[in-house]
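Visitor: I've got a chain on my screen and a few questions about it. Can you walk me through what's there?

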Amino acid sequence: TRPAWRGVVYASASEFFFASMLLVGFPLRHSLKTDSPLCDAQGFALTIFSMLTNGFLLFIAFQLLALVRRREIPSWRSELVWFFFFVATATAIAAVPLWDVGGCKYARNASGWCHLSSNPRWGRIALAYVPQWLIIAFILALYVAVWWNVRCGPFASQRKNVLLPLHDAET
C-alpha cells in the first residue's frame with residue numbers, strides 16, 4: 001500500500017471540513033453567542049480540523065523522509081498509528097474548552113466566528129499556538145533532514161544525475 005497519497009487526502013479532507021464549518025457558520029455568525037451549544041460546536045470543529053490538517057502535513061513530511069532515507073514508504077500499520085494519534089490529540093485539545101478548564105472556552109469574535117477565547121491568554125497559547133508551532137518546527141526539521149539526505153546522505157551519489165545544483169549546469 002502507498003499511505004503517502006492518503007496523507008494528502010486526509011489533509012485535503014480536513015481542510016475541506018474546516019472551510020465547510022466557516023461557510024456553515026457564515027449565515028449564523030450574527031446569531032452565534034458565546035456559551036451557546038452552536039458556538040461550542042463551531043469552535044470545536046474549527047479547532048479539530050485545523051489541528052488535523054497540520055498533523056496530516058506532518059505525516060506527509062515523515063513519509064517523504066522515510067521515502068528518501070530508506071527508499072520505502074512505511075506500512076499501513078504506522079499510518080493507522082499516526083492517524084489515530086492525530087485524531088485523539090486534536091480531539092483532546094479541541095475538547096478542553098468544552099469543559100471550561102481554567103476559564104478557557106470558545107467565544108464569538110468580532111468577525112462572528114467562534115474560536116478559542118483570548119481570555120485567559122494561556123488557554124489560547126497552550127491549546128492553539130504551541131501545538132501548531134511545534135508541528136511547524138517538526139515539519140521544518142523533517143524537510144531539513146530530507147534535504148540533507150538528498151544532498152549529502154548515503155544515496156546522494158546515486159542521485160547526482162537527477163539533482164544537479166544550479167551552478168553545476170555545465171557538467
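## A walk through the helices

Guide: Let's start with one leucine: looking past its neighbours within four places in sequence, Leu22 is in contact with Leu46 and Trp113. Leu22 has its place in helix α1, residues 3–28. Bear in mind that this is a predicted model.

Visitor: How far apart are the C-alpha atoms of Leu22 and Leu46?

Guide: Leu46 is one of the contacts of Leu22 outside its own stretch of sequence. Along the chain the two are 24 residues apart, and their C-alpha atoms are separated by 7.7 Å.

Visitor: And is Leu22 buried, partly exposed or exposed?

Guide: Buried would need under 20% relative accessible area, and exposed would need over 50%. Leu22 comes out at 29%, so the label is partly exposed.

Visitor: Let's zoom out. What pattern does the chain follow along the sequence?

Guide: There are five helices and two strands to place. Reading along the sequence, the order is α-α-α-β-β-α-α.

Visitor: Where is confidence highest and where is it lowest?

Guide: The chain averages a pLDDT of 80, and 80% of the residues score at least 70. Over residues 161–171 pLDDT stays under 50, and the model has four contacts for them beyond four places in sequence. Going by elements, the highest mean is 90, in helix α4 (residues 121–151), and the lowest is 58, in helix α5 (residues 156–159).

Visitor: Which element gives the largest share of the largest nonpolar core?

Guide: That core has 28 residues, and Ile48, Leu52, Leu58, Phe86, Leu116 and Leu127 touch the most other members. The elements that give two or more residues to it are α2 (37–70), α3 (76–95) and α4. The largest share, eleven residues, comes from α2.

Visitor: Which residues does Ile48 contact beyond its neighbours within four places in sequence?

Guide: Ile48 is among the core members that touch the most others. Setting aside the neighbours within four places in sequence, its contacts are Ala90, Thr91 and Ala94.

Visitor: Which residues in α3 are buried?

Guide: α3 has 20 residues and reaches 28 Å from first C-alpha to last, close to the 28 Å expected at 1.5 Å a residue. Its buried residues are Glu79, Phe86, Ala90, Ile93, Ala94 and Ala95.

Visitor: How does the reach of α2 sit against the expected value?

Guide: α2 has 34 residues, and 1.5 Å a residue gives an expected 50 Å. Just after the helix comes Arg71, with a positive phi near 60°. From its first C-alpha to its last, α2 reaches 48 Å, close to that expected value.

Visitor: Now the strands. Which backbone oxygen does the side chain of Tyr106 reach?

Guide: Tyr106 is found in strand β1, residues 106–108, and counts as buried because its relative accessibility is 0%. Its side chain also makes a polar contact with the side chain of Thr47, at 3.5 Å. The backbone oxygen that the Tyr106 side chain reaches, at 2.5 Å, belongs to Ala94.

Visitor: Over to α4. Which residues does Leu142 contact beyond its neighbours within four places in sequence?

Guide: Leu142 lies in helix α4 and is buried, with a relative accessible area of 8%. Leu65 is 77 residues away in sequence but 6.7 Å away in space, C-alpha to C-alpha. Leaving out the neighbours within four places, the contacts of Leu142 are Leu58, Ala61, Phe62 and Leu65.

Visitor: Does Gln132 count as buried or exposed, and what is its relative accessible area?

Guide: Gln132 is also found in helix α4. Past its neighbours within four places in sequence, Gln132 is in contact with Ser50, Met51 and Asn54. The cut-off for buried is under 20%, so Gln132 counts as buried, at 14%.

Visitor: One more polar residue: which backbone oxygen does the side chain of Asn149 reach?

Guide: Asn149 lies in helix α4 and is buried, with a relative accessible area of 3%. At 2.7 Å, its side chain reaches the backbone oxygen of Ala145.

Visitor: And for the whole chain, what share of the accessible surface belongs to carbon and sulfur atoms?

Guide: Of the 171 residues, 37% count as buried. The accessible surface comes to about 10,300 Å², and the carbon and sulfur share is 71%.

Note on methods
Residues are numbered from 1 along each chain as its sequence is written. Side-chain values use heavy atoms; hydrogens and water are left out. pLDDT is the predictor's confidence in each residue, from 0 to 100. Helices (H or I, at least four residues) and strands (E, at least two) are DSSP runs, numbered from the N terminus. Contact means heavy atoms within 4.5 Å. Buried means under 20% relative accessible area, exposed over 50%, partly exposed in between (1.4 Å probe, protein chains only). A nonpolar core is a set of buried Ala, Val, Leu, Ile, Met, Phe, Trp, Tyr and Cys residues joined through side-chain atoms within 4.5 Å. A polar contact is a pair of N or O atoms within 3.5 Å; within protein, one must be able to donate a hydrogen and the other to accept it, and residues adjacent in sequence count only if both atoms are side-chain atoms. Accessible areas come from the Shrake-Rupley method with a 1.4 Å probe; for residues, only the protein chains shown count as cover. The expected span of a helix is 1.5 Å times one less than its number of residues.
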